[in-house]
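Trainee: I'm new to this structure and I'd like a close look at a single part. Could you pick one strand and walk me through what surrounds it?

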Amino acid sequence: MPEHFLVTGALGCLGAWVVRNLVHEGIPTTILDVGGSMHRLRLIMNDDEVGQAQFINGDITDLATVEKVVNESGATHIIHLAALQVPFCRADPTKGAMVNVVGTVNIFEAAKRAGLGRVVYASSVGVFGPEDEYPDGVVGHDTALGPRNLYGVYKQANEGTARIYAWDYGINSIGLRPYTVYGPGRDQGMTSGPTKAMLAAAGNQPYHIPFGGKGGYQYADDVAKIFIAAARVPFSGADVFNLRGTVAHVKEVVEAIEVAVPEIKGKITFDEKPLALPTDVDDSKFAEVLKSVPYTPLQQGVEATIDIFRQGLSSGRIRLEN
């Protein structure tokens with residue numbers, strides 16, 4: 001059967017990159033998103049490419065809408081990325097739970113009713129606790145979860161939902177736990193600071209990253225390719241895998257920005273306080289499943305991001321915040 005991908009939350013950063021890759025492959029793609037702004041898609045795709053994806057404005061918290069879109073789109077693969085980020089969950093916990101938890105249940109339920117056997121969805125490194133809870137410094141595949149905010153709690157709930165749908169209904173799933181995703185389009189969320197610093201550097205403006213410490217960094221295009229590959233790889237059951245990328249201190253991210261934009265040296269700063277997250281994760285189990293995991297070195301990813309930002313600033317597709 002020819003592939004047809006349904007991507008929820010495709011107006012967000014990761015979703016936009018997933019759509020970009022699918023369109024470049026010539027794969028029919030349907031977007032389900034409640035948001036109306038196409039600015040992230042237009043930052044990394046031209047108008048003709050954007051037009052090749054079918055956009056449906058719909059709310060994943062409404063099961064009838066999700067079921068209708070799954071059925072009428074003819075989807076063969078679902079990549080579920082729709083979610084509210086940490087600050088939005090903190091500001092409105094009820095809405096955060098509706099979107100992040102109930103919305104995910106609706107995706108699995110619609111897949112079950114449509115006879116689809118697989119869902120790939122985004123979990124998060126936020127399901128883990130701070131670095132001092134892991135004496136060896138590395139979070140393994142089966143490390144106990146310990147989220148420190150509602151966003152992480154909601155993602156933990158989704159991992160449980162996926163397991164039950166596998167056990168009770170035979171819906172296979174792969175959940176992926178990105179860490180700090182960076183790249184064009186990453187303009188929201190707790191870990192968006194490094195990308196905002198890259199945008200500021202592209203416009204020769206100062207920026208202060210509001211956290212420090214070490215963590216994993218993954219270029220958005222890599223993560224998008226990983227989600228697509230996970231949707232295609234033979235897999236049975238329900239499991240969730242860590243994504244490692246490049247483990248680096250925020251200072252190293254700043255240094256990479258300064259290499260890409262030498263004139264910005266000294267204008268990009270960061271806070272010393274680390275996020276309440278582990279400093280390193282083990283992704284070897286996922287490498288066994290996917291065999292070849294896309295990976296862009298940090299310096300290369302930073303330079304690619306700044307290049308796209310420069311083009312966006314020049315064309316007027318994006319503007320620097322005052």
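Mentor: Let's take strand β5. Arg118, Val120 and Ala122 point one way from β5, Val119 and Tyr121 point the other way, and all of them are buried. Keep in mind as we go that this is a predicted model. The pattern fits a general habit: in a regular strand the side chains alternate between the two faces of the sheet. β5 covers residues 118-122, and 5 of its 5 residues are buried, so it counts as mostly covered.

Now for the strands beside it. Strand β4 (residues 77-80) runs parallel to β5, and 2 bridges join them. Here histidine 80 stands opposite tyrosine 121. Strand β6 (residues 172-177) also pairs with β5 in the parallel sense, over 5 bridges. In that pairing, alanine 122 stands opposite leucine 176. To get from β5 to β6 the chain passes through helix α7 (residues 150-169), and this β-α-β crossover is right-handed.

What packs against β5? Phenylalanine 227 is a good place to look. Setting aside its neighbours within four places in sequence, phenylalanine 227 is in contact with Val120, Tyr121 and Ala122, as well as Leu14, Val18, Ile79, Leu81, Leu176 and Pro178. The largest nonpolar core has 78 residues, and the members that touch the most others are Val18, Leu41, Leu176, Phe227 and Ile257. There is also a second, separate core of 27 residues, which includes Val119 along with Leu84, Cys89 and Val240. So β5 supplies a member of that second core through Val119, one of the residues on its Tyr121 side.

Tyr121 leads us on to some rings. Phe108, Tyr121, Tyr165 and Tyr169 form one aromatic cluster. One ring of that cluster has a charge for company: the charged end of lysine 112 sits over the ring of tyrosine 169, 4.2 Å from its centre.

While we're on rings, the count for the model comes to 8 aromatic pairs. One of them is a tilted pair, tyrosine 182 with tyrosine 219, at 5.6 Å centre to centre and 40 degrees between the planes. Tyrosine 182 lies in strand β7 (residues 180-182) and tyrosine 219 in strand β9 (residues 214-219), so this pair ties together parts that are 37 residues apart in sequence. Both rings belong to buried residues: tyrosine 182 has a relative accessible area of 1%, and tyrosine 219 has 6%.

Let's go back to β4, the partner of β5, and look at histidine 77, which is found in that strand. Histidine 77 is buried, with a relative accessible area of 15%. Not counting residues up to four places away in sequence, it touches Glu3, His4, Phe5, Leu6, Ala231 and Arg232. Its C-alpha atom is separated by 35 Å from that of lysine 214, which is 137 residues away along the chain.

That lysine takes us to another pairing. β9 and strand β11 (residues 246-249) run antiparallel and are joined by 4 bridges, with histidine 249 in β11 as the bridge partner of lysine 214. β11 makes a nice contrast to set beside β5. Thr246 and Ala248 point to one face of β11 and are buried, while Val247 and His249 point to the other and are not. In β5, by comparison, the residues pointing each way are all buried.

One last stop is helix α8, which is mostly covered, with 9 of its 10 residues buried. Among the buried ones are Gly193, Pro194, Met198 and Leu199. What covers them includes β7, β8, β9, α10 (250-260), β12 (268-270) and α12. After α8 comes asparagine 204, in the loop between α8 (193-202) and β8 (207-209). Asparagine 204 has a positive phi of about 55 degrees although it is not a glycine, and it is partly exposed, with a relative accessible area of 36%.

Technical notes:
Residues numbered from 1 in each chain as written. Predicted model: local features only at pLDDT ≥ 70, side-chain atom pairs only at ≥ 80, totals over all residues. Heavy atoms only, no water. Phe/Tyr/Trp six-rings, centres within 6.5 Å; stacked < 30°, edge-to-face > 60°. Buried < 20%, exposed > 50% of the residue type's maximum accessible area, 1.4 Å probe, protein only. Lys NZ or Arg CZ within 6 Å of the ring centre and 35° of its normal. Pairing = 2+ DSSP bridges. Right-handed = clockwise from strand over helix to strand, strands pointing away. Core = buried A, V, L, I, M, F, W, Y, C linked by side-chain atoms within 4.5 Å. Contact = heavy atoms within 4.5 Å.
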